[in-house]
Amino acid sequence: MGPGSRDAVRDKLFPVISAFGKSAKEYIAVDVSEKSLLGAKEEVAVAFPHVQANVIHADFVQDNFRFGKSIPVELATLFGLTLCNLPVDPLVAGLPEKMLTASLSRIRTHFASASRNFVITQDANQDLESLRRAYMAQKELYLTLPHLMLRDLPIKGKFNPDGFDVDVEFIPSTQACAVSFIAKEAMQFSIKDENFQVKRGQRLYFHNAFKFDVATFTRCIRNAGFDVLETVVQAKNPCVLHVLKARPA
Ligand SMILES: C[S@@+](CC[C@H](N)C(=O)[O-])C[C@H]1O[C@@H](n2cnc3c(N)ncnc32)[C@H](O)[C@@H]1O
């Protein structure tokens, strides 16, 4: 699910398919991005000619679908941070876990076989300095967002797209790594019918990458109806891998 770029397919998916050798029969890419689907299908078809490569163009959190109708043994994988990038207020305790559990519960409905294997990774890095280094590397990209807002939204009034700085925080009460704009000056503007008054120094959250600890993530997995077969934690690597089995629906 969510294969991403061709590089990600080669780095993360190929080792999984290779591990099954000739017994791997079919690969199904699930993504909302047609570009990602096409890339994944082509990469797999070329590198593993014995594997039938297919796609499902769907949202794995919102849509209803089954991975396959006649697959005897299935393994779904979800690598990367997708499920933990949640568009919620990063200060509301409890809400992110509820959303993660809801997303995992929907994913559980996609399994079609009796085996229902699922491998998922999480980033458990809660070190503010290393999070800052990682997310601040994107600062110039983030700062284009106010310009895109001005270009694409019906903004009226005092809105300065150059009047923002970027900050990265870790919020222990919700385990959010929250990226926000800090207004460098007061602004007063409207977007359609909504009025905004922004004070100098005000923080405007625009991206959360939740960095749940392993206990929280595991609780959400179990509450969503999965059994944990194995959790792989490596020293000095904040990325954790869980091997799961979906309980029957
Ligand atoms: C951050 S990339 C991760 C790519 C790759 N798995 C990796 O670990 O590098 C997220 C991918 O998932 C897809 N994606 C994100 N949310 C999705 C959803 N709800 N349903 C389907 N695809 C989704 C995106 O289009 C993108 O290809």
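When I speak of two strands pairing, I mean that DSSP finds at least two bridges between them, and that usage will matter for residues such as Ile191, whose bridge partner in E9 is Glu194. What we have on the screen is a predicted model, so please hear everything that follows with that in mind.

Let me start with the overall division of the chain, which falls into domain 1, covering 6-125 together with 211-246, and domain 2, covering 128-209. The centres of these two domains, taken over C-alpha atoms, are separated by 30 Å. Where they meet, 15 residues of domain 1 are in contact with 12 residues of domain 2, and on the side of domain 1 that touches domain 2 we count 10 nonpolar residues, three polar ones and two charged ones.

Now to the sheet, which is open and is formed by three strands in the order E5-E8-E9, with antiparallel pairing. Strand E5 (155-158) and strand E9 (194-198) each have a single partner strand and stand at the edges, so one side of each is left without a neighbour in the sheet. From one strand to the next, the twist averages 15°.

Taking the pairs in turn, E5 and strand E8, residues 187-191, are antiparallel and pair over four bridges, and within the sheet Lys156 stands opposite Ser190 of E8. E8 and E9, which also run antiparallel, are joined by five bridges, and here we return to Ile191, with Glu194 in E9 as its bridge partner. The hairpin made by E8 and E9 has two residues between the strands, and in that hairpin Lys192 takes a positive phi near 55°. As a general reminder, strands of a sheet pair through backbone hydrogen bonds, whether parallel or antiparallel.

Finally, the ligand: which residues are the closest to it? Of the 16 residues that surround the ligand, the closest are Gly2, Gly4, Ala8, Ser33 and Gly80. The elements that contribute two or more residues to this shell are helix H1, spanning 6-19, and strand E1, spanning 26-31. Sorted by class, the shell around the ligand holds seven nonpolar, six polar and three charged residues.

To close, I would keep two pictures in mind, namely the open sheet with the strand order E5-E8-E9, and the ligand with its 16 surrounding residues.

Note on methods: Residues numbered from 1 in each chain as written. Predicted model: local features only at pLDDT ≥ 70, side-chain atom pairs only at ≥ 80, totals over all residues. Near = placed C-beta within 6 Å. Nonpolar A, V, L, I, M, F, W, Y, C, P; charged D, E, K, R; others polar. Axes fitted to C-alpha atoms, helices over the stretch in contact; angles between N-to-C directions. Domains from an automatic or database assignment. Contact = placed C-beta atoms within 7 Å.
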